[in-house]
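Biologist: Could you take a close look at one part of this model with me? I would like to go through a single contact in some detail.

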Protein chains: 2
Amino acid sequence: MASIEVKNIYILGAGGSIGLQTLDILKHNKDFNLVGLSLSSNDHINEAILSVFKPEIASLRYENQISKYQSKYPDIKWVLGDEGLLEVARYHKPGLLINALSGSSGLMPTVEAIKAGKDIGLANKETLVMAGPIIKDLVIKHGVMLLPIDSEHFALWELLRQVENRDNIKKIAITASGGALRHLSRRDLVNVTKEDALKHPNWEMGPKITIDSATMVNKGLEIIEANHLFGFDYYDIETLLHDESLVHAIVYLKDGTKLMNISKNDMKIPIRKVLYFPYQIEDEPITNISKLTLKPMDEIRYPMISLAYEVGKIGGILPTIYNAANEAAVDLFLKDKITFKEIESIIIRYTLSSDNIKNPTLEDIIRVDKEIKQAIYNYYLGE
Amino acid sequence: MASIEVKNIYILGAGGSIGLQTLDILKHNKDFNLVGLSLSSNDHINEAILSVFKPEIASLRYENQISKYQSKYPDIKWVLGDEGLLEVARYHKPGLLINALSGSSGLMPTVEAIKAGKDIGLANKETLVMAGPIIKDLVIKHGVMLLPIDSEHFALWELLRQVENRDNIKKIAITASGGALRHLSRRDLVNVTKEDALKHPNWEMGPKITIDSATMVNKGLEIIEANHLFGFDYYDIETLLHDESLVHAIVYLKDGTKLMNISKNDMKIPIRKVLYFPYQIEDEPITNISKLTLKPMDEIRYPMISLAYEVGKIGGILPTIYNAANEAAVDLFLKDKITFKEIESIIIRYTLSSDNIKNPTLEDIIRVDKEIKQAIYNYYLGE
């Protein structure tokens, strides 16, 4: 790898799970130059990052953080909050921006980075769920690459590049572990605590996505993301339950052939491959497996899946509402304001009762995202 | 593993691929005691074995070998030829006999070993193809274990032990690499040389089984073996083409779940597990894979598959004829007496033109096996 040009890298959400794993790959790696990043609200994590990396521009979450960092690291250009994310995204040097932000706050930085001519490594699935058609138009217009970092979409991307003729494909499938509560029936979900729901069997991730795995909203968002990324009709996107999280995606050809992508449940694999793309790097060994289990999705157990298919098919502003209701509900659950099952009922209620907007603009999307969340917070917190 | 009792081991076909891999596991391994074996016609291989192992009984292939071995290794009881195999199988000490003989010569030693109360590690698929019902009766009667060493059957055996209720199973599948000539159409088979057919893409094996992989007769035998071992109807035994030889078998449950056994294409894995059974040993890592391809069997390309299904369904003496015709034909091909495609036509001709015997005895089976082979040799060699 020594001979490739040094690549400029930006990371939004550097203090989260994907962000830290990306930094771990970049550390002491002369193939890359970390130009900009957004830090977290956790000063310990931020200090650990800044002890290793010297970015040119960095964004902080809260205003009260900025003076301390500015005096300690005067060579860095410090920017702040949502506008700070956009400034990092717009920073003048070309490069690859890894968007590892959690939730709807990831949308506008993706838009700005594309407009600034940056390639995108997209771990923020809300970007495509909320604004798939707009993002795809921007990618074409600005001639940038959009590389998926989600394990399932990365797997699909690897498989689909190996099929010469798209017409030979019958359908695709992505897999789901079922999350922390997969061994419980719907009846047993009544007594689930926050601690129960945060124990994911296969992946170490942040709290939001871990809860999203348990409700299967995460897979719902991925179904919509897969539709936008690869253009498959919703009827041709299958979801499978897969205990071992080793098969990430399957491509079914019309002649009956199945192509299965298999790799360790380690996000560093897609991150590393996206960082080096278009240079190919070796696959890593899978250890200690002897069985793969693939089951049909249980849409009775996981009603958020059927809802995601419906929301995706209808399109317009509905995927934004599905996502916004989920973000507010998970936040309320993590703050002990609602029960686990109320997450689902909130999403169903707001998704089914809201008016659709057929071809929403970015402004519509941002506005409705805020309105839905505010309505939910008002109702449950009396704000 | 240090705490288990030392297990007595016998190996028939010690100089072949499975035999040598078994010896490699036993070497310097205090969990096992090699009591008896059958050596090969190759003195170099035999000497290499005897420089490490000191069995109590050993069988030689040819009479002219015996005096030399007897004077050099006087502490070993030396036995000879087909009868020698039976003497090793009958040797008085209990233990596990690994039958790694190639072809129909493996049948009677299995029978004698079972009658002598030995557990069987069965790599000789002809045993069950020729005399499945008789062998199963003997196993029950003598209370011994019959453990499959073929990678596919071993994989099925591991999967099936994990399914609590057999009624939940819809069907099973075994995979086939397609062998050395898988990239050729039937038309191109006309020009195939012995060297071409002996280049197996995934497995290092002896010449007979490597040719059997290229004709798909090996898979045909395995279909019949799977029927006998696990009791599945032929309609419920699927064969799949699988380039990578990593998924060895699949169990399909009625609820749509698929259980796939996956492991390195390394025969030492099933051999080691069979040697230690019922003690469980760890699975080994699979390296450098990122894709699994599963295709429907192409029965036009591989007519020996459909023939095996038919032969298996009809049963009786037909599987013995299918196997005997193949053994003679492959021998003739390896001696440059016939072309590659003639292997298939010989099997078809003798299988379709012979009278069936519905419930053959062991004597019937041994007699017909000899008669068919003799008829083929007479025809092609004018003997």
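Which domains does the domain assignment of chain A give, and what does the contact between domain 1 of chain A and domain 2 of chain A take from each side?

Modeller: Happy to! Please keep in mind that this is a predicted model. The domain assignment of chain A gives domain 1, covering 7-149, and domain 2, made up of 150-193 + 216-304. Their C-alpha centres lie 26 Å apart. On the domain 1 side, 27 residues of chain A take part in the contact, and domain 2 of chain A brings 22 residues.

Put together, domain 1 and domain 2 of chain A bury about 2200 Å² between them, and carbon and sulfur atoms give 69% of that area. Within domain 1 of chain A, the residues losing the most area to domain 2 are A:K125, A:P148 and A:I149, which together make up 30% of what that side buries.

A:K125 also has a charged partner: it forms a salt bridge with A:D150, with the closest N and O atoms 2.9 Å apart. The count between the two domains of chain A is three salt bridges. As for polar contacts, 11 residue pairs are found across this interface, both residues being at pLDDT 80 or more.

Now for the elements behind the domain 1 side of chain A. At least two residues each come from the strands β1 (7-12), β5 (96-99), β6 (119-122) and β7 (146-148), and likewise from the helices α1 (17-26) and α6 (126-142). By residue class, that side of domain 1 of chain A divides into 16 nonpolar, five polar and six charged residues.

Note on methods:
Residues are numbered from 1 along each chain as its sequence is written. Chains are lettered from A and ligands numbered from 1 in the order in which they are written. This is a predicted model: local features need pLDDT of at least 70, side-chain atom pairs count only at pLDDT 80 or more; totals for chains, interfaces and linings use all residues. Side-chain values use heavy atoms; hydrogens and water are left out. Domain bounds come from an automatic or database domain assignment. Contact means heavy atoms within 4.5 Å. Buried area is the accessible area (1.4 Å probe) that two parts lose on being put together, summed over both. A salt bridge is a side-chain nitrogen of Lys or Arg within 4 Å of a carboxyl oxygen of Asp or Glu. A polar contact is a pair of N or O atoms within 3.5 Å; within protein, one must be able to donate a hydrogen and the other to accept it, and residues adjacent in sequence count only if both atoms are side-chain atoms. Helices (H or I, at least four residues) and strands (E, at least two) are DSSP runs, numbered from the N terminus. Ala, Val, Leu, Ile, Met, Phe, Trp, Tyr, Cys and Pro count as nonpolar, Asp, Glu, Lys and Arg as charged, and the others, Gly among them, as polar.
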